[in-house]
Amino acid sequence: MSYAIGKAIQRKEAWDKVTGKAKYTDDLPGLDVLSARLLTSTCAHGVIRRLDISKALGVRGVKAVLTGADCPELFGPLVLDRPALARDVVRYAGEPVALVVAQDEPTAELAVRLIEVEYEPLPAVLTPSQALAEGAALVHRQPNGYKKVVPDVYPKAGTNIASHYRVQKGDAQKALAECDFVVRQRFSLPPSYHIAMEVRTARAEISADGNVVITTSSQSPYGVRKQLSEAFLIPAGQIQVKVPFVGGGFGGKAPVFLEILALLASRSVGGKAVRLTIPREQDMASAPSRIGLEADIKLGANRDGKIQAAEITYWLDCGAYADISPYMAKAAAVDCTGPYHIEHLSCDSYCVYTNHTFATSYRSFAHESFTFCIERAVDLLAKQCGVDPLEFRIRNAIRPGSFTPTQVAVTESLVGNLTQCLQQVKELSQWDGGKGVFIKEDTVRAKGVACLWKTENPPTDAVSGALITFNPDGSVNLHTGVVEMGSGGQTNLAQILAEKLKMDPGQVHVVMPVDTRTAPEHWKTVASMTEYMAGHAVMRAADDLLAQLRRNGAEALQCPMEEIEVANGRVFSRKNPDRFIPFRDIVQGYRSPQRESLGEPVLGRGGFMLKGLSLLDPQTGKGKTGPSWTVGAQVVEVEVNVKTFTYRILSASTVMNVGKVINPELMRSMIAGGMSMGVSMASREAAVYDEQGIVRAPNLRTYKLLHIGQEPDYRVGFVETPEQDSPYGVRSYSEHGIIGIPAALANALSAAFGRELCLLPLTPERIWKAIREEPK
Amino acid sequence: MVRYEGKTVVNLEVNGELHQLAVRPSDLLLDVLREQLGLTGAKPGCKNGDCGACTILMDGWPVKSCLVLAVEAEGHRLLTVEGLGGNAPVQQAFVEANAFQCGYCTPGFLMVCYGLLMQHPTLPEEYVVEEWLQSNLCRCTSYREIRKAVKQMYQKK
């Protein structure tokens, strides 16, 4: 029987979130806290000729004004290439140039407006193609001159290449020459924004004895501690990072960004508490966004509709600073083909500096972008072969016996069962062959399909941990370093723990806010890895707890430890279950009727470190970067007006191999939420830059997100092929709903309009232009 | 009248309580609720009237508290998420329908839904619900959960 796994329990923090009691970073008391505001660059690439802060300093209530001269340190998770405040040059419009600390926000804002800056513009590069063209302006004079934090980033001197990964197997060139059908397609996709509803924000305070307290809306409390400690040479133990509830992250709150500025601000005013808030406009233009992507894909198949070979190049537009983007280029290479069996492959994946806002991880770590390209190409090839695009995918689905692009041998446990996902989504979406059908004059309905897969790209030695303590009533408290930002990871962990302890999940309390001083280190709340990494730590902590309960039980019940069982909040002997001790009487040691003290207080602890992962071989790309894959299949159905180029999205279906359904409603809603983000991104979202590289109108009035009334009918199905090495077999799932949606939408619209649409976002205007400009 | 430097005194009725506060003429109602009264349920998401995370009720109608000056709010009945009572049908419905993930937009959506219930005591047609809820953005859910919560709210009242 199941105690907790498979049950649709409510989120642990549900009532806090409907009463306004859930506290987010900027909800904490604001008395005796100074305010900081940023001045940002109005030039995409230029030399700072003059920066005059004297008028700002003269404003009553202004405590400090900082510029690049005040902070020589460089930052970044992979290479140290980013200053906290621009020094001498600005590399994107929106880059922080100066920071004002004042007694309150209006004063800080006033002072920001009094800072005088003059830029001498340099030529800006705004796409990977421009950045890689001969004679292109260099965003960084010496991209290979920066200190590397990790070994596997490969910047190239004299170019805008921040890193490059190559994956190769077989002989793609030769195999393509022998194919019966070959398609080639180029893509150029714009960057876009995360738009977590809570704007990024951070606070800092330094005590008289040098202890630093950072409170921040972050997915990486331990990353904040590490980067600040290394950059400012503060012992890590002197830095305490606190993360209350986070109002959405989607990868955008994984980088260390405002925390650095908040610390600098506090340092400049003798350690006083400083609160750094940025307006939505700066959250879009200045804080890291989603990558842009250019791609060139060549795919070949035989007459029997089997894909033989692929030649792929991805150029990720990482903007002005590398941040985590080199690893997204790596991730794109690792999963470059999509979940298909392709024997001959050659893939180059480049991370390219441009004068856009720097990019960072975004829900699914570049998979939402490159999957668009590969899945469009697969559709084109299916059409060439004359095969139903869904059948074509079944025919080519990766399965045991195949090898992944980086030559990992495929097993069901490792990769799951894509064929079953495709078969199930066929039913769920009422797939009808993927052809457009006129339902009335000018109105066509059509469906499009796309597959998804994703493995993770964490550091090969990333860690997690869990601590379990008991309350006097026998309920437990679970402490982890997992951030609650909406993905429900903590509720899943509570269910994993309740199942393992065979107890009511209602008796598991979860400590939601993270404090790096009290919670065991958890790498980052990213990559949908909570259930795998923290899940393992929870399982081990539970084992530790159970061993202690058995030891106490053996002493209290005076029988061998092997006979002791734990279930339903009781400790008992298997031989005599009627004689049991409830948790409340045994978890703080046991007091016998004779007032004898027996056993010890029970505390569970578990740690977990990733094992068996490798860096990619620099020549062939051979290697295993993540514990396993999640696969899935998605279908989008549209109704278009072929005269006006407008359309409605009727339904979106996903069948995902989640391994094990821990909580059906949480999983369903997380996958539907991912689909929703994919629909929004693919149908309307793009960061728009003018010719000078200035972001146009970065606000939610012109950057429209999907709102209620525009959403399709979402359908979610599960496949439960377990991953043997994961708690209860669960796979990563929380990001993945987004991955194939843009491609499925484009495939559906292409079928409906009878034209190949290889662009994003798919707005009526852009569709009209693409069709008008397409050579007949 | 007491003169503060650049400030003026307003009397605000929030969640049934009367508060006397010194505010600048330019202070947003949202900021005054959060910073002076500690009612942080209303959230800043854009301070431009685009996202709805700061929605409260003014005399029973939803308003974006970032588009209202504190001085304009005098003489009106203000209701924030903290004033819903903690176990109102709309709150129960949101929990049961799993109508939130990160929870940041939730207070705003709760207030729009509660306002809808005030102005339309019986479940209106779907397009009316859509019209009302279009004012607010949610980046996490698929919106289907929120629609479901609206229906459940009407079943509970």
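I began with helix α3 of chain B, residues 106-119 (helices are DSSP runs of H or I with at least four residues, strands are E runs of at least two, numbered from the N terminus). Its 14 residues should span 20 Å at 1.5 Å a residue, and the end C-alpha atoms are 20 Å apart, which agrees. The expected span is 1.5 Å times one less than the number of residues.

A note on what I am reading: this is a predicted model, where local features need pLDDT of at least 70, side-chain atom pairs count only at pLDDT 80 or more, and totals for chains, interfaces and linings use all residues. Residues are numbered from 1 along each chain as its sequence is written, and chains are lettered from A and ligands numbered from 1 in the order in which they are written.

Next I looked up burial (buried means 20 or more other C-beta atoms within 10 Å of the residue's own, exposed 12 or fewer, partly exposed in between, with C-beta atoms placed from the backbone). I found 12 of the 14 residues of α3(B) buried, so the helix is largely enclosed by the rest of the structure. Among them are B:Phe109, B:Cys113 and B:Leu117. The cover includes α1 (14-18) of chain A, along with α2 (89-96) and α5 (144-156) of chain B.

That led me to the two chains: 39 residues of chain A are in contact with 38 of chain B (contact means C-beta atoms, placed from the backbone, within 7 Å). On the chain A side, α17(A) gives the largest share, seven residues.
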